[in-house]
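The following questions and answers concern a ligand site and an internal cavity. Please consult the sequence and structure shown here.

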Amino acid sequence: MDYKVADLTLADFGRKEIELAEHEMPGLMAMRARYGADQPLQGARIAGSLHMTIQTAVLIETLTALGADVRWATCNIFSTQDHAAAAVVVGPKSAGGTVDNPQGTPVFAWKGETLAEYWDEAEKVFQFKDADGNAIGPNMILDDGGDITLLVHKGTEFEKAGAVPGQDSTDNEEYKEVLRVLARSLDNDPTYWTNIGAGIKGVTEETTTGVLRLYDRFKEGSLLFPAINVNDSVTKSKFDNKYGCRHSLIDGINRGTDVMIAGKTAVICGYGDVGKGSAESLRGQGARVIVTEIDPICALQAAMDGYEVKRLESVVEFADIFITTTGNFDIIRVEHFEKMKHQAIVGNIGHFDNEIDMAGLAKIPGIVKDEIKPQVHQWIFPASDGGQGKKIIVLSEGRLLNLGNATGHPSFVMSNSFTNQVLAQIEIFTKLDEYPIGVYVLPKHLDEEVARLHLDAIGVELTELNQAQADYLGVPVEGPYKSEHYRY
Ligand code: NAI
């Protein structure tokens, strides 16, 4: 088995944490119990790219328990938990793998990859082998943020054009790596990505940002295969994005800085699902929270939830903590950094690192980047007398700090997200003819089912509709209970 992780001897520790997580992931364990015998993913070759955490380990082992063959990379250079990666490679105890003879799933991920390593490892999830050891592509993608979906689409597009643009065609350091990887594959095989794309039945996408990319492709007519938007299952975005961030945002700030949050002024840029959880996370610690928004509905929500809503420019000089949650780019720029006070803390919890202009920060004349510890840096501004001026603390180099500085969302909420992922993989893999090219959300009865699977574990008593009440509301006794346009 090929794999690339930091240290296989961490597998024991990883396995213990996986076992703790399994207890907290009733949705995924119910998938194993319900579908394990039928093996609905038998024959599926899933190329996966999603933060390689303990919770993801339980997802991977659920997919393999349902019959799938899986290869996995992370979707962020800082988010891998090395003990989780090691345990997945060694495999579950039942598979009898050891550090010297791993029997698990190939993983290509470690915490602190370079961008070049990240894209090299991303490419490896496509390199399956058939029973005779011949190279074969995946037939399913499970993605978070759309990076491996992008490789297939860009690769196919460049192969059609007969060339990959040179790396000097872009200023974006990350995109330069994409072009490098695609140029290499085009040199080796001019129809490599075209063939991979043709073999893929569909993709299931985890997050807001990746979903946005899929709808864009569908609109422009370039989407190569059907997609299920897992993010917009209610049991994903209204739980993981909100309650997950409520848990993991302050975890990241605390582990990164250990600063007292109570009494500080914190700015949350964006009041969507992630912003709502993030604002509550900081308010829960006693911070005074200010929100910025562009959408009048979300701005009004924030105001009526009791937050001040201001422009960043109005508060940048006195706030202590700045967190971006927009999924947009260029939110915190050099002009803002220049006005922040000494030891302001800046971080991002949105998917990509371009919410904060890190490249612009690095170009300020005389600025010095000083590492306090991995994923925590102070940026020392020059003083007017040539000495050291104010210092700004940046978490996870502008990448999502809840996974870079802490361990991301806890298992229970990820069980909701990942149960949707498993159902979405089964949907496309087993019912492809029901999904012509397009972007779909899972049907509401499955969304309700995901929630239902998580009630017992936390002692919820669900009230049952009687027939007369169901008739009065015009819904079936067994659900679904809400119309498609209900917003929760
Ligand atoms: P969303 O679309 O619900 O919320 C984003 C909000 O930002 C919107 O209300 C939008 O109006 C606002 N916004 C856009 N541009 C703005 C600007 N210039 N200034 C102020 N506000 C602005 O999206 P959601 O689900 O909250 O996701 C946000 C990001 O977080 C995405 O990139 C998503 O992929 C990522 N995400 C990260 C997670 C994590 O664990 N770190 C978990 C889930 C999602």
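**Ligand shell and cavity**

Q: How many residues of each class, nonpolar, polar and charged, does the shell around the ligand have?
A: In this predicted model, local features need pLDDT of at least 70 and side-chain atom pairs pLDDT 80 or more, while totals for chains, interfaces and linings use all residues. Residues are numbered from 1 along each chain as its sequence is written, and side-chain values use heavy atoms, without hydrogens and water. Ala, Val, Leu, Ile, Met, Phe, Trp, Tyr, Cys and Pro count as nonpolar, Asp, Glu, Lys and Arg as charged, and the others, Gly among them, as polar. By these classes, the shell around the ligand has 7 nonpolar, 15 polar and 5 charged residues.

Q: Which helix gives the most residues to the shell around the ligand?
A: Helices are DSSP runs (H or I, at least four residues), numbered from the N terminus. At least two shell residues come from each of α9 (208-220), α10 (234-257) and α11 (273-284). The most, 3 residues, come from α10.

Q: Which residue has a side-chain N or O atom 2.5 Å from an oxygen atom of the ligand?
A: A backbone N or O atom of His351 is 3.0 Å from a ligand oxygen, and a polar side-chain atom of Asn328 is 3.1 Å from a ligand nitrogen. The side chain at 2.5 Å from a ligand oxygen belongs to Thr209.

Q: How much space lies in the largest cavity?
A: His351 is among the residues that line this cavity, as are Cys75 and Arg399. The volume is the space filled by probe spheres set on the grid points. For the largest cavity, that space is about 90 Å³.

How values were computed: A polar contact is a pair of N or O atoms within 3.5 Å; within protein, one must be able to donate a hydrogen and the other to accept it, and residues adjacent in sequence count only if both atoms are side-chain atoms. On a 1 Å grid over the protein atoms alone, a cavity is a set of points where a 1.4 Å probe fits but cannot get out, and a pocket is an open set with protein on both sides within 12 Å along at least five of seven lines; lining residues have an atom within 4 Å of a point.
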